[in-house]
Amino acid sequence: MKKLNEILRDLREDNDIKQETIAKYLGVTQQTYSNYENGHREVPISAVKDLSEFYKVSTDYLLCSDASYLGNIDMNATYIDDITIHDVLYDMQALNDTCRKDLVKYIRFLHQDID
């Protein structure tokens, strides 16, 4: 299970945000925020709350009580190249049942290679 500092780094990188931007949002120096991500400094509970609001995830997720977050949830954000998650879902819904089932099987097959 990932630690808070790893989750914060992953969220920031998933959203292509610099440490300076997050530090400014929290009202701390970039060095302080870097210490949060590196695990050299405890993240104050007030910062956990602010970060959950910033990233639109639960505090439970940040504190490892809820592992349901899978990445960026902005449906209109660029997902791959110029394709959004909305585009992907729209295309999936346009498939017939057989093709959707095949797609799900293929995705699960790909996950086997990752795990």
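This is a tour of a predicted model, stop by stop, with what to select at each one.

**The whole chain**

Start with everything shown and coloured by secondary structure. The chain holds seven helices and two strands, and along the sequence they run in the pattern α-α-α-α-α-β-β-α-α. Of the 115 residues, 27% are buried. Switch on the surface: its accessible area is about 8500 Å², and carbon and sulfur atoms own 51% of that. Among contacts with a separation of 6 or more, 43% are between residues 24 or more positions apart.

**Helix H2**

Select residues 19-26, which form helix H2. Show the side chains of Gln19, Ile22, Ala23 and Leu26, which are buried. Where do these four sit around the axis of H2? Their arc is only 100°, so they are on the same side of H2. As background, residues three or four places apart on an α-helix point the same way, because there are 3.6 residues a turn.

Now add helix H1 (4-14), helix H3 (30-38) and helix H4 (45-55) to the selection; the buried residues of H2 pack against these helices. Before leaving, click on glycine 27, which follows H2 and has a positive phi near 80°.

**Helix H4**

Move to H4 and show Ala47, Val48, Leu51, Ser52 and Tyr55, which are buried. Look down the axis of H4: these buried residues stay within an arc of 140°, so they line one face of the helix. What covers the buried residues of H4? The cover includes H1, H2, H3 and helix H5, residues 59-62. The residue that follows H4 is lysine 56, with a positive phi near 60°.

Stay on H4 and select glutamate 53 and lysine 49, whose side chains form a salt bridge with an N to O distance of 3.1 Å. Both residues belong to helix H4 and are four residues apart, about one turn of the helix. Glutamate 53 has a relative accessible area of 44%, so it counts as partly exposed. Lysine 49 is also at 44% and is likewise partly exposed.

**Other salt bridges**

The chain has four salt bridges in total, and the pair on H4 is one of them. Next, select arginine 12 and glutamate 37, another salt-bridged pair, at 2.5 Å from N to O. This pair links distant parts of the chain, since arginine 12 is in helix H1 and glutamate 37 is in helix H3, 25 residues apart. Are these two residues buried or exposed? Arginine 12 is buried, and glutamate 37 is buried as well.

Then select lysine 2 and aspartate 10, where the salt bridge has an N to O distance of 2.2 Å. Lysine 2 is partly exposed, at 45% relative accessible area. Aspartate 10 is partly exposed too, at 24%.

**Two aspartates with positive phi**

Select aspartate 16, in the loop between H1 and H2. Its phi is near 50°, a positive value in a residue other than glycine. With 72% relative accessible area, aspartate 16 is exposed.

Go on to aspartate 81, in the loop between strand E1 (78-80) and E2. Phi of aspartate 81 is also positive, near 50°, and again the residue is not glycine. Aspartate 81 is exposed, with a relative accessible area of 69%.

**The nonpolar patch**

From aspartate 81, widen the selection to Tyr79, Ile80 and Ile83. Together, Tyr79, Ile80 and Ile83 make a nonpolar surface patch of about 300 Å². Isoleucine 83 is part of strand E2, residues 83-84. Why can isoleucine 83 be part of a surface patch? Patch residues need over 30% relative accessible area, and isoleucine 83, which is partly exposed, has 35%.

**Cysteines**

Finish by selecting cysteine 64 and cysteine 99. Cysteine 64 is partly exposed, with 24% relative accessible area. Cysteine 99 is partly exposed at 35%. A disulfide is a covalent bond between the sulfur atoms of two cysteines. How many disulfides does the model contain? With a cut-off of 2.5 Å between cysteine sulfur atoms, the count is zero.

Notes:
Residues are numbered from 1 along each chain as its sequence is written. This is a predicted model: local features need pLDDT of at least 70, side-chain atom pairs count only at pLDDT 80 or more; totals for chains, interfaces and linings use all residues. Side-chain values use heavy atoms; hydrogens and water are left out. Patches are made of residues with over 30% relative accessible area and no salt bridge: like charges are joined within 9 Å, nonpolar side chains (Val, Leu, Ile, Met, Phe, Trp, Tyr) within 5 Å. Accessible areas come from the Shrake-Rupley method with a 1.4 Å probe; for residues, only the protein chains shown count as cover. Buried means under 20% relative accessible area, exposed over 50%, partly exposed in between (1.4 Å probe, protein chains only). The arc is that of the directions from the helix axis to the C-beta atoms. Contact means heavy atoms within 4.5 Å.
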